[in-house]
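Grab a pencil and have the viewer open. Below are a few short exercises, each with a solution worked out step by step.

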Amino acid sequence: MGEVKPSHIHTVSDHTLQNRQWLGREVKVLIEEPDAEPGLYVGRTYADAPEVDGQVFVRSRRERMPGEFLKARVVDTYEYDLVAEAIE
């Protein structure tokens, strides 16, 4: 009998490739909290469940508040997270 591999197992490169689809796209982000780095905020898109999915790290020149929605352009990706710049 051969080895059975579950279809839900993904490799790191699978997640990275999926996130790269977001590069250059405009997304609506819900700000959850400021990051320790000034001008950087942690949020999520409509497709991200809290504490389950990745986060969106948004750089903004303006101060942002938790609960605020903003438009941002994805400029980089990590294995599970996105990096975006606020569209001011």
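The exercises go from confidence to strands and then to the pocket.

This is a predicted model, in which local features need pLDDT of at least 70, side-chain atom pairs count only at pLDDT 80 or more, and totals for chains, interfaces and linings use all residues. Residues are numbered from 1 along each chain as its sequence is written, and side-chain values use heavy atoms, with hydrogens and water left out.

**Exercise 1. Find the elements with the lowest and the highest mean pLDDT.**

Start with the whole chain: its average pLDDT (the predictor's confidence in each residue, from 0 to 100) is 85, and 81% of the residues score at least 70. Next, go element by element; helices (H or I, at least four residues) and strands (E, at least two) are DSSP runs, numbered from the N terminus. Helix 1 comes out lowest with a mean of 64, and strand 2 (residues 40–44) highest with 97. Keep in mind that where pLDDT is low, the predicted coordinates should not be read in detail.

**Exercise 2. Work out how strand 5 (residues 82–86) pairs with strand 4 and with strand 3.**

Two strands pair if DSSP finds at least two bridges between them. Take strand 4 to begin with: its pairing with strand 5 is antiparallel, over five bridges. Check this on residues: Asp76 has Val83 as its bridge partner, and Thr77 has Leu82. A hairpin of four residues links strand 4 to strand 5. Now turn to strand 3 (residues 56–59), which pairs with strand 5 in the parallel sense over four bridges; here Val58 is matched with Ala84. Finally, look at burial (under 20% relative accessible area, 1.4 Å probe, protein chains only): four of the five residues in strand 5 are buried.

**Exercise 3. Trace the order of the strands in the barrel.**

Strand 1 (residues 26–34) meets strand 4 (residues 69–77) in the antiparallel sense, over five bridges. Glu26 is partnered by Arg73 there, and Lys28 stands opposite Lys71. Put together, the five strands make a closed barrel that runs 1-2-3-5-4, with mixed pairing.

**Exercise 4. Say which residues lie nearest the centre of the largest pocket, and what lines it.**

Asn19, Asp48, Asp53, Gly54 and Tyr80 are the ones nearest the centre, out of 14 lining residues. Helix 1 (residues 12–20) gives the largest share of the lining, three residues.

Technical notes: On a 1 Å grid over the protein atoms alone, a cavity is a set of points where a 1.4 Å probe fits but cannot get out, and a pocket is an open set with protein on both sides within 12 Å along at least five of seven lines; lining residues have an atom within 4 Å of a point. Buried means under 20% relative accessible area, exposed over 50%, partly exposed in between (1.4 Å probe, protein chains only).
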